[in-house]
Amino acid sequence: MRGPVSYCRCPLLLVGLLLLGACTGGGSSSSPETSEPMSSERTLPTNPTTQLEASGRIDLSSLKGRIAFSGGTPHSEDVYVINADGTDLTRVTSDPAADFDPSWSPDGERIAYRHQPGDDLSTDIYTIKTDGSGVRNLTRSDGVADWGPAWSPDRNEIAWNSDPDRAGVFRGYLMQADGSNMRPLGADVWVEYPAWSPDGTKLAFMGQTPQGTENYEIYVANADGAGLRRLTHSPGPDGWPAWSPDGQEILFASVRDDCAFSEAPNCKTTGDIGPYHTLYVMHADGSHQTRVSDVFGQIADWSPNGRYIVFEGRGGLSVMRADGSGLTTLLTGVSSSGFPDWAR
């Protein structure tokens, strides 16, 4: 992705072919890692919802909204939409290229995504209606890496990261939702995977720190590029920020618990070539950074009511409560489901 061109969906140093599928996902009704074993001495109530509550798992039928995600065969993924309760799976894109990293428009009518027919330099930002019609190429930048689209809360703008000079340096950019009025964000720092605050006044993003190294940290800046602040200072890379619906917290992934960065006796490892990512939540000012789960989690999003978190998992998408409890699998029927974006 950055520096040497590689066909990847995540920052170069934060990814590899992980046991759980880096930059993709999986997870539906229950997770074997969180289900309580049945005992002959214990009798659960017969009501299914009560059983779920007793075991700590989430009753998926109670979840509201729609989740856009991407998945499928590597290098030819497509964008899908599924109801948060696991019903009504819809394939939105259908072409030979890789279509992934979706972002809902606030009105729920269109999805912005990364379209990649070849290597990273073939990428453009596209939008599409949820019924698969009305495809638009917004960036139209041949030979330029464009990805990480994020639709503004007022639906008027899309933020993304780009390298128009082809110098291997990513900066943040803004454009109108129709692709017009493209302009730099203005923050003179590496920008990747920007995320809007709910009130539309700020953007959180991940950036190489120092630039040219393998480390990433999370920053926040005003929507005009001013007021740049660094929020994380961990021993390992942090990335993929997502604001809580109330704007008070930021969800992100970190490798600080990987044994390559941590000396803790309970440090994590994938047993593969990539680092182990865990999900953290911090206050919007960067304080009170707290791990919410010790299972592998990389690209995640909040439910519209802020009560749940969705991320890639085994067998579909993984859903847990905002405190990390109740890990439950939302079966999608799509391999390598990931990059979730949860909308109303």
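**Exercise 1. Find which residue of β13 is the bridge partner of glutamate 192, then place both strands in their sheet.**

Step 1. Glutamate 192 has methionine 206 as its bridge partner in β13. Strands here are DSSP runs of E with at least two residues, numbered from the N terminus.

Step 2. Strand β13 covers residues 202–208, and 3 bridges join it to β12 in an antiparallel arrangement. Two strands pair if DSSP finds at least two bridges between them.

Step 3. Now widen the view: 4 strands form an open sheet, in the order β12-β13-β14-β15, with antiparallel pairing. The edges are β12 (192–196) and β15 (229–230); each has a single partner strand, so one side of each is left without a neighbour in the sheet.

A word on the model before you go on: it is predicted, so local features need pLDDT of at least 70 and side-chain atom pairs count only at pLDDT 80 or more, while totals for chains, interfaces and linings use all residues. Residues are numbered from 1 along each chain as its sequence is written, and side-chain values use heavy atoms, with hydrogens and water left out.

**Exercise 2. Classify the ring pair of tryptophan 160 and tyrosine 173: what are the distance and the angle?**

Step 1. Recall the rule: rings of Phe, Tyr and Trp (its six-membered ring) pair if their centres lie within 6.5 Å; planes under 30 degrees apart count as stacked, over 60 as edge-to-face and the rest as tilted. This rule gives 10 aromatic pairs.

Step 2. For tryptophan 160 and tyrosine 173, the ring centres are 5.7 Å apart and the planes stand at 40°, so the pair is tilted.

Step 3. Tryptophan 160 sits in strand β9 (residues 157–162) and tyrosine 173 in strand β10 (residues 171–176), so the pair links distant parts of the chain, 13 residues apart.

Step 4. Both tryptophan 160 and tyrosine 173 are buried (under 20% relative accessible area; exposed is over 50%, partly exposed in between, with a 1.4 Å probe and protein chains only).

**Exercise 3. Describe the disulfide: which cysteines does it join, and what is its handedness?**

Step 1. The structure holds 1 disulfide, a pair of cysteine sulfur atoms within 2.5 Å. Cysteine 259 is joined to cysteine 267, with S to S at 2.0 Å.

Step 2. The torsion about the S-S bond is about 95°, so this disulfide is right-handed.

Step 3. Check the surroundings: cysteine 259 is partly exposed at 35% relative accessible area, and cysteine 267 is also partly exposed, at 23%.
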